[in-house]
Each structure stands twice: as C-alpha cells, then as structure tokens.
Amino acid sequence: MTETLHYRLPWQSSSVYPGAHPGQMIGAGQLFKRHEPLIASPDPRRIDLRASVLDPFSSYRVRVYQQQSTVNVYVLADMSASMGYADKQQTLIRFLLAAANSAFDYGDKFGFIGCTERIEHRWLLPACRHMGSVSALTKQLERLSFSGSANGLQNAAAYLPAERSLVFLLSDCHFPLPQLRAVLGSLQGHDVIPLVLWNQHEYAALPNWGLISFQDMENNATRMLFMRPALRQKIMDAYRQRQHDLKHIFRAFGSEPLFITEGYSTQTINRYLQQRAV
Amino acid sequence: MMSLAVDTPWALTGLLLALLPLFNNGMRSSPAPWLTLIPGDTLSVFIVCCLRLCGVAAIAGLVLGMAGLHRTEQSRERIGHGAHIVLLLDRSSSMDDTFAGRAPNGSDESKATAARRLLTDFVKQRQNDLIGVAEYSTSPLFVMPLTENKNAVQAAIAATATPALGFTHVSKGLGMALSFFQQQPVTGSRIVLLVSDGAAAIDHDSEQKLRFWFKQQQVRLYWIFLRTANSPGIFDQPEDSRDDNAGAMPELYLHQFFLGLGSPYQAYEAESPDALKQAIADINQLENLPMHYVERIPKQDLSAACYSVAAFLLLVLLGVKFCEVER
C-alpha cells in the first residue's frame, strides 16, 4: 500500500521550513553554500580560519550551509467525464494516495485541486500534513462518477500558493490544445510534472471490422463508424499525432510529459522522476 | 399519372414513427473519451445515412402496408388506329355443322370453330380496338360490352364453344349490337361484324327501327355469311319468281335490306375456312381509322409491395445488427 514516489527537485525551494529538498535558506545542512561575516551569521563554531586570514578587511568569515527545505506538493487533477473512462479514475486515486504518502514521508505539505467544469470547494484540499483528510477525500472520489468538461483547469493557478511548488498535473489532455497552452501558461510559476493518463483500450483495442457507435463521454454526441483496418490505422495515427502534439506543447513550457498508457505503476513514475532530476 | 389512396387513413398517423430512426440509431453505444480525436470518415457517414433511410423506409413501408395503400382505378386517354367493333355471332345450331353441312368429324371443323379460331386471331391483331361481343339465336345474348380488354374478348369468343341454340333472330341481334354504341363517343369507325350462316326475314317494324339506328349510330356493317354447301347464297337470284320472297330466300332479302340501309355495308360470302380468313383479313385492312378512346386501369393493391419492401429492408437492418460490435 505504501508506495513512495522519489521526487527530487532540480531547483531550490524557497520554503523556510527545514525539509528534504534543496532550498534557498541557509542553516543546518551538509552542502557548503558561501562565506558570511560573523556579524551576519553569529555561529563561532563555523568560523573558517583560512578564509578569515585571506579576507582583505580582516573580519571573521563564517561558513554557511544550505538548509534542506520543504516544498508544497500539489496534485492538480482533471476530473472531466473522459477521466472516468476505463481505469483512469482508479489510477488517479492510486496516484493521489501514493503522492500524499511520499509527500508526508518527505515532510512536505500535500494539496489537491480537482477540476471539473469549475473548481468546487469539496474537491479542494489545501496544503496540509493530515493523512486523514487525504483518505477522506479519496473515499469521496471513489464514490464520484466524473462528468462534465475540464474547464476548471484554467483557474487552478489561483488556488496554488504564490511560491514555487511541485505540481503533478494529472489529465488525459482530451481538450483543445489552446486550452492546454492556457493552463500551462498559468502554471508557469510552478514546477509542473505532467502525467498524461491514456488507456490503450481507447485506441489500440478497436475491432478490425464491424459497425460501432461511439458516444462522447463529455458532450454525449454519438458517431457511428464502419470499422475497417484502414480506419483503425487512421485512428491510431490520430492518437500518435496527438501524442506528438502534446509532447511538443509540454516541452515548449519546459516540462517533459509522461504518458501512462499501459497500466499505472509507481516504478514507471519513479524512473521518470529520477531521469527528470538528473 | 399516379393517384394513390389508402383504405384506413387514420393508420397514416403511424408515419410519425418513421421519424424515429432519425433520432435513435438503435445501436448500443460504446463510450469514447473524446470523439474529436477520432478522424472523420466519409464512408461511415454515408453508411449511417443509408441505414437511417433504410429504417425510415422500413417503418413507412409497414405503416403504408397496414393503411392499405393502393392505386385507384384510372382512366387513360389513348389515341390509336382502330375501330369500335361489335362481333355479332350467330348461335343457331346450324353453326355447329361443317361448311359441308355435316356434323363435324376429325378432319373438318365446324363453322363455329372456324369462326372462333379466326376471330380470336382477328382480335389478337386488333390491339387498339374496342371490341364487344353479342350473340343471337332465339333471342339476343349480351356477352361483352365494348372493352379494350382483349383477354375478356378472347374469353367471350371462346365461350361460344358451348352447344348452340335453336333459331336465328337476326333483327333483335342487330338491335342489341347497335345498342352497344349508345353512350359511346363517336371516334374512329364503328363496325358491326355479323357472322352468321343463315338469315331470317325481318318484319317491317324492325326494319324501320334498324334503318333509324344504323343512321343515328353511323355504324358500318360487315356481314360474313358462312355459306353451307348447296344452300342459297346471298347473291343468288331466284330461279323461279315464286321463290322471290323473304320467306323463301331470307339471305337475299336481308342482303338487299342491308344494301338499302344507307350506311356503308359489305358482304362476304365464305364457303370455306380459307374464304372466311380472307374476309376477316379484308376487314382488318379496311378498318384502321385514327380513334380516340379511354382506357380503364383497375385499382391496384400496393400493400403487398409495401410489406415486401419493408421486409427486405428489415432483413438488411437485421444483417447490419449482426455486424454491430460493442466494447
């Protein structure tokens, strides 16, 4: 049950509280940061004699170390109807639990923002350290059947703290590309880790022949297709092209997306997070 | 020109049901996260349109079938070359003899059979004519009014195969033949084709009436006299002046009466089936004036066609249903 995501920050957190990530604060750490005058950091145990002798103004220099700081971890989840397809909802809940667990393990605060048509208060969890409220939220999420679109994502930035946070963006990105650009634009102040939840079943497991009637989960429009190998190939090509376009946009905003298509596993995400931190 | 009608008009309200396939494709739908991602497909759109039309047509066919769709009786104006012909056939018992005056055996056919055979051919050739059939023996027999239905005329001629009756009452037969032309527009030529093997005297009153009717109806008369061997012909002059009266030589006197009618008249004396054939060919050639007539087409029930179309479409839709896949 306790799966841990080993997320590392390739940037320095501005949080003042001691934690597990590289921060901008100086204090009790292992990593030498700089010299400071004794008057600025009055810790005689850390006086660097060699630096003090070499100082042209012959004042005492004190070594200061980088303090490991906390970071706020947010899961920004798309809760539109299309996220109810197949096992996407379970994946979302599993990831939510894993992320909350690991954030609490690291001593970080964890928050959740669920976006449907708009942002509803019952799907908001402000950054906290209470596993209880997280599990209450997941229980509610399990009972919910997703509906509507993901328009709320565009306003999600307003519910994030002003300082740079780690934001896991969980979505299937089944909305127009300009909307995705707007969402990513609004999240530029934060470190966004896009996780794109797709299910192979929706495009690779189509039949070769036959008539199939599709109903859109978000706007209920129906479309009947006469499936044949050529059309099946066309649909798969369309999904591949879509994946390419999404990657292009995410990279333009400085983040590499992770496409989760073949079932969720924490190991895949950990491998991706480690690559990212290198 | 089509004029359609139904037996039970209120059943047509069921046609509203035919709109159902436009709103519901009748298929179990599979959820799709985002349809916009699925590329458009012209063939699919075409097939879907066809299927919807099939559904609409199938329901409409069933409803129209239940309402009892039919085509009403129609009359069609036609112009052709031909004539109004009344075949006036002698049904006296002597018609059942051969031209030689004997009872028919294997080699010789009776006069009635020959007349029947040749008239059937004649009717077959005259496709544009209105033909009626009347018969006479002791009294006139109304058989078939003027009609363009050749099958009915053929059947009426074939019906003369039944054994004939006693006497020859030609004046009443002519009267009935002429009555066929009443209430008929005068187009083309009007012909009475009298086929007989004997004659009878016509009394004075009947003569007067026939003269008047022939003039009034503008009817041409053709008389095909089937002459039995050794019997007096229509052109024979009496050898003895004592025989020169209507009782002794009715054929000659009838011929003379017809000549004096004042309307076109032609007599043929046929002593064999070949001569009869020649006479009929002659008439066939002569009577081909342009004529204007109204053809009647009977009411035609279309509900069976509606049901079969609907059944076919339903089979198609059933087949399509088997092709359906669901995820």
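**Figure 1. Where chain A meets chain B in this predicted model.** The contact draws 26 residues from chain A and 22 residues from chain B. On the chain A side, three elements each supply at least two residues: β9 (210-216), β10 (222-227) and α5 (229-252). Of these, β9(A) gives the most, with 7 residues. Sorted by character, the residues of chain A that touch chain B divide into 14 nonpolar, 6 polar and 6 charged.

**Figure 2. A pairing of strands across the two chains.** Look here at β9(A) beside strand β2 of chain B, which covers residues 29-32. The two strands run parallel and are joined by 4 bridges. To find your place in the pairing, start from A:Q215, whose bridge partner in β2(B) is B:P31.

**Figure 3. The open sheet of chain A.** Chain A as a whole has 6 helices and 11 strands, and this view picks out a sheet built from 6 strands. Their order is β6-β5-β4-β7-β8-β11, and the pairing is mixed. At the edges sit β6 (119-128) and β11 (258-260), each of which pairs on one side only. Neighbouring strands are turned against each other by 20° on average, direction ignored.

**Figure 4. One edge of the sheet, with β8(A) and β11(A).** Strand β8 of chain A, residues 191-197, runs parallel to β11(A), and 3 bridges join the two. A handy landmark is A:L197, which has A:I260 as its bridge partner in β11(A).

**Figure 5. The other edge, with the hairpin of β5(A) and β6(A).** Here the pairing is antiparallel, with 4 bridges between β6(A) and strand β5 of chain A, residues 109-115. Between the two strands of the hairpin lie 3 residues. Within the pairing, A:I113 in β5(A) stands opposite A:L124 in β6(A).

**Figure 6. The surroundings of A:C115.** This cysteine lies in strand β5 of chain A. Is A:C115 buried or exposed? A:C115 counts as buried because it has 26 C-beta neighbours inside 10 Å, where 20 or more are needed. Leaving aside residues up to four places away in sequence, A:C115 touches A:A77, A:D78, A:M79, A:A150, A:G152, A:L153 and A:A156. One of these contacts is worth a closer look: A:M79 is 36 residues away along the chain, and its C-alpha atom is separated from that of A:C115 by 5.4 Å. For the wider setting, 33% of the 278 residues of chain A count as buried. Among contacts in chain A between residues at least 6 apart in sequence, 75% join residues at least 24 apart.

**Figure 7. Helix α5 of chain B.** Now to chain B, and to the helix spanning residues 170-179. Of its 10 residues, 7 are buried, so α5(B) is largely enclosed by the rest of the structure. The buried residues are B:V170, B:S171, B:G173, B:L174, B:M176, B:A177 and B:L178.

**Figure 8. B:K321 in helix α9 of chain B.** The last view shows a lysine in the helix that covers residues 303-322. B:K321 is exposed, because 11 other C-beta atoms lie within 10 Å, and a residue with 12 or fewer counts as exposed. How far apart in space are B:K321 and B:G26? Their C-alpha atoms are 9.0 Å apart, although 295 residues separate them in sequence.

Technical notes. Residues numbered from 1 in each chain as written. Chains lettered and ligands numbered in written order. Predicted model: local features only at pLDDT ≥ 70, side-chain atom pairs only at ≥ 80, totals over all residues. Contact = placed C-beta atoms within 7 Å. Nonpolar A, V, L, I, M, F, W, Y, C, P; charged D, E, K, R; others polar. Pairing = 2+ DSSP bridges. Axes fitted to C-alpha atoms, helices over the stretch in contact; angles between N-to-C directions.
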